[in-house]
Amino acid sequence: MRALARRVEIDAHPRAYGQEPLSPRRGESGPDRYSDAVRHIVIAHPSPDLYGSDLQMLESVRAAVRDEWQVTVVLPSDGPLAPRAAAAGAQVLVADFPVLRKALLHPRRLIGFVLHAARATFAARRWLRQSRPDVLYVSTITLPTWSAAGRLARVPVLVHTHEAQEDVSLPVQVALAAPLLLADRIVANSQASATAVTTPFTRLGRRTQIVYNGVPGPPTPPTLSSRRADDPLRLLLLGRLSPRKGPMVALEAVARLVAEGRDVTIRLAGSVFPGYEWFEKELLDRATAPDLAGRVEMLGYVHDRWARLAEADIVLMPSTSESFGNAAVEAMLALRPVVVSATRGLVEIVTNDQTGLLVPVADPDALAQAVARLADDPELAGRLATTGRAEAERRFGVGRYGRELATVLDALVSPPGPVDR
């Protein structure tokens, strides 16, 4: 593991995975040692990026720190999330452990994953026994090795699931949910995620609790879009570029709006997963086609999402499947009207014609019509933006999230009773 100092600097001398305790053992002496009264939580997270589940993990770190936990975050590689987690008060380490991606669900690739997972599980078990945390927090279901390692090391395991897979077969759903049987508690970020967990294994319902994401708002009070009737209409799609997020649907909707004679532009703010470069090329080819030439800007990953939101008039989220949708909440907090797909987690966020507009999944015509409706009715757009912001602050605030997560963590340290297995 490579240790990351509290204030961002990376240690130049990496430590071997599993050979040293992550933090001082309770009972040891010295000025930097922790007492038995300090609770220690290890958070295993699958990505060093700064997308929805990554930003939510940061809120989990902040909540735990506020509740006086000693927090250690373990990442599979270095990246922009590491200094953010350190600044939030966590010790950050980088270790070699596998992350279960959809691309691995192939017989040949799966064999390699299983072998890597077996080695990583026993290495993580050794390390957990040395560092002796009070709780292991496994961030997303893509880290089955950590759930297994926690159970083998006899550390209470909390799994925070952000997934709501509806486009996979039942056997795959069972395989993805099976490691959750090793968890003492499960936090689901929506009813959609909870259903995805409990459909294959109904018994998991007893240890699953829904805690909606806590999403921080912009650093300064936002203002409504100042677009005039003769100004170009500026659309934004914010988030990871993957087929599931629907960026191609957004481009087709823009093409239809342009064909109607509307002056519309769209920005795609996000990057692809490694291995999905083919999809990025498809998007670029479509964006540069004659009917969209000059209408599409591909920004890549953006660090100042609030600035990009402030520059937009309408935010789109045409996902085919979504467990929650942090980007939709961020748009609402930024006082921007949202048009989202009527799918799973998004319908738990947006109420049609009250806090945003819902459209059918994978329907560029309906998406174009909804955008045109907002463009032609500024009063409606302003009302949806204002109501949406108030609802997002009420339901998805970081204070509420922190309190609910702290309750779950406290129960793991002093559980009220046995959990059905």
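1. Let's start with Arg-154, which sits in the loop between helix H4 (144-152) and strand S6 (157-161). This is a predicted model, and in it Arg-154 has a positive phi of about 60° although it is not a glycine. The side of the story to add is accessibility: with a relative accessible area of 77%, Arg-154 is exposed, since the cut-off for that class is over 50%.

2. Glu-68 goes on the list next to Arg-154. Its place is the loop between H1 and strand S3 (69-75). Glu-68 is not a glycine either, yet its phi is positive, at about 70°. Its relative accessibility is 65%, so Glu-68 counts as exposed. If you're checking backbone angles, Glu-68 and Arg-154 are two residues to look up.

3. On to the chain as a whole. There are 14 helices and 14 strands. Of the 421 residues, 53% count as buried. The accessible surface comes to about 18100 Å², and carbon and sulfur atoms account for 53% of that area. The two percentages happen to read alike, but one is about residues and the other about surface area, so please don't mix them up when you quote them.

4. How do the contacts spread along the sequence? Take contacts between residues at least 6 apart in sequence: 68% of them join residues at least 24 apart. Two cases of contact across the sequence, Leu-235 and Thr-387, come up below.

5. Leu-235 is in strand S9 (residues 233-238). Is it buried or exposed? With a relative accessible area of 4%, Leu-235 is buried, the limit for that class being under 20%. Leaving out residues up to four places away in sequence, Leu-235 touches Val-254, Val-264, Thr-265, Ile-266, Arg-267, Ile-314, Leu-316 and Val-371. One of these, Ile-314, is 79 residues away along the chain, and its C-alpha atom is 5.1 Å from that of Leu-235.

6. Two of those partners lead straight to the helices. Val-371, which Leu-235 touches, is among the H12 residues that meet H7. Helix H7 (residues 247-259) packs with helix H12 (residues 364-376) at an angle of about 60°, the axes being 8 Å apart. That angle makes H7 oblique to H12. The crossing of H7 past H12 is right-handed. From H7 the contact uses Val-249, Ala-250, Glu-252, Ala-253, Arg-256 and Leu-257, and from H12 Pro-364, Asp-365, Leu-367, Ala-368, Val-371 and Ala-372. Sorted by class, that is 9 nonpolar and 3 charged residues, with no polar ones.

7. H7 has another helix partner, and the geometry there reads quite unlike the oblique case. H7 and helix H8 (residues 277-287) pack at about 5°, with axes 10 Å apart. H7 and H8 are therefore roughly parallel to each other. On the H7 side the contact is made by Pro-247, Met-248, Leu-251, Glu-252 and Ala-255, and on the H8 side by Phe-279, Glu-282, Leu-283, Arg-286 and Ala-287. By class there are 7 nonpolar and 3 charged residues, and no polar ones. Glu-252 is worth a look, as it appears in the contact with H8 and also in the contact with H12.

8. Elsewhere, helix H1 (residues 52-66) packs with helix H14 (residues 398-413) at an angle of about 65°, with the axes 9 Å apart. That makes H1 roughly perpendicular to H14; a word of caution for the figure legend, as that class begins at 65 degrees. The crossing of H1 and H14 is right-handed. H1 contributes Gln-56, Glu-59, Ser-60, Ala-63, Ala-64 and Arg-66, while H14 contributes Val-398, Tyr-401, Gly-402, Leu-405 and Leu-409. The class count here is 6 nonpolar, 3 polar and 2 charged residues.

9. Last, Thr-387, which is found in helix H13 (residues 378-395). What does Thr-387 contact, once its neighbours within four places in sequence are left aside? Gln-354 and Thr-355. Thr-355 is 32 residues from Thr-387 in sequence, and the two C-alpha atoms are 5.5 Å apart. At 34% relative accessibility, Thr-387 counts as partly exposed.

Conventions: Residues numbered from 1 in each chain as written. Predicted model: local features only at pLDDT ≥ 70, side-chain atom pairs only at ≥ 80, totals over all residues. Heavy atoms only, no water. Axes fitted to C-alpha atoms, helices over the stretch in contact; angles between N-to-C directions. Helix = DSSP H or I, 4+ residues; strand = E, 2+ residues; numbered from the N terminus. Parallel < 35°, antiparallel > 145°, perpendicular 65-115°, else oblique. Left-handed = near helix turned anticlockwise from the far one by under 90°. Contact = heavy atoms within 4.5 Å. Nonpolar A, V, L, I, M, F, W, Y, C, P; charged D, E, K, R; others polar. Buried < 20%, exposed > 50% of the residue type's maximum accessible area, 1.4 Å probe, protein only. Areas by Shrake-Rupley, 256 points an atom, 1.4 Å probe, with all protein chains shown as cover.
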